[in-house]
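Work through the following exercises with the sequence and the structure side by side, and attempt each task before reading its solution.

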Amino acid sequence: MKVTEIVAEFARPVVESYGCTLWDVEYVREGADYFLRLYIDREGGVDISHCEAISRAVDPILDEKDPIAESYHFEVCSA
């Protein structure tokens with residue numbers, strides 16, 4: 001199973017608990033850095049408070065499950 005599928009599996013319920021939908025999960029290398037991005041959406045739009053709340057909720061789960069061996073930056077973005 002790919003990293004993005006693993007992350008989507010445990011992130012989706014968290015995102016939905018905030019009234020949003022998980023639109024996509026992206027794990028990419030940009031230059032020397034890796035980025036894990038969750039793209040979220042919701043009816044009426046997403047603002048920074050949604051991204052921040054979901055980031056804070058998913059971050060400890062990422063630490064616990066540790067699905068990525070490399071160092072990476074974690075971001076939650078609007079779709």
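**Exercise 1.** Which residue takes a positive phi in the hairpin of β1 and β2, and how many residues lie between the strands?

*Solution.* The model is a predicted one. Begin with the two strands themselves, β1 and β2, which pair in the antiparallel sense over nine bridges. One of the cross-strand partnerships can be located by residue, since Val 28 has Phe 35 in β2 as its bridge partner. Then move to the hairpin, where two residues lie between the strands and Gly 31 takes a positive phi near 65 degrees.

**Exercise 2.** Establish how β3 is joined to β2, and trace the path of the chain from one to the other.

*Solution.* First, consider the pairing: β2 and β3 run parallel and are joined by six bridges. Within this part of the structure, Leu 36 stands opposite Phe 74 in β3. Next, follow the chain, which leaves β2, passes through α2 and arrives at β3, forming a β-α-β crossover that is right-handed.

**Exercise 3.** Describe the largest nonpolar core, and state which element gives the most to this core.

*Solution.* The core has 19 residues, and those with the most contacts inside it are Val 7, Leu 22, Leu 38, Ile 40 and Val 58. At least two residues each come from α1 (3-17), β1 (21-30), β2 (33-41), α2 (48-65) and β3 (73-78), with α1 giving the most, namely six residues. Finally, take Val 58 as an example: setting aside neighbours within four places in sequence, Val 58 is in contact with Phe 10, Ala 11, Val 14, Leu 38 and Phe 74. In soluble globular proteins, nonpolar side chains tend to be buried together.

Note on methods:
Residues are numbered from 1 along each chain as its sequence is written. This is a predicted model: local features need pLDDT of at least 70, side-chain atom pairs count only at pLDDT 80 or more; totals for chains, interfaces and linings use all residues. Side-chain values use heavy atoms; hydrogens and water are left out. A nonpolar core is a set of buried Ala, Val, Leu, Ile, Met, Phe, Trp, Tyr and Cys residues joined through side-chain atoms within 4.5 Å. Buried means under 20% relative accessible area, exposed over 50%, partly exposed in between (1.4 Å probe, protein chains only). Helices (H or I, at least four residues) and strands (E, at least two) are DSSP runs, numbered from the N terminus. Contact means heavy atoms within 4.5 Å. Two strands pair if DSSP finds at least two bridges between them. A crossover is right-handed if, with the strands pointing away from the viewer, the path from the first strand over the helix to the second runs clockwise.
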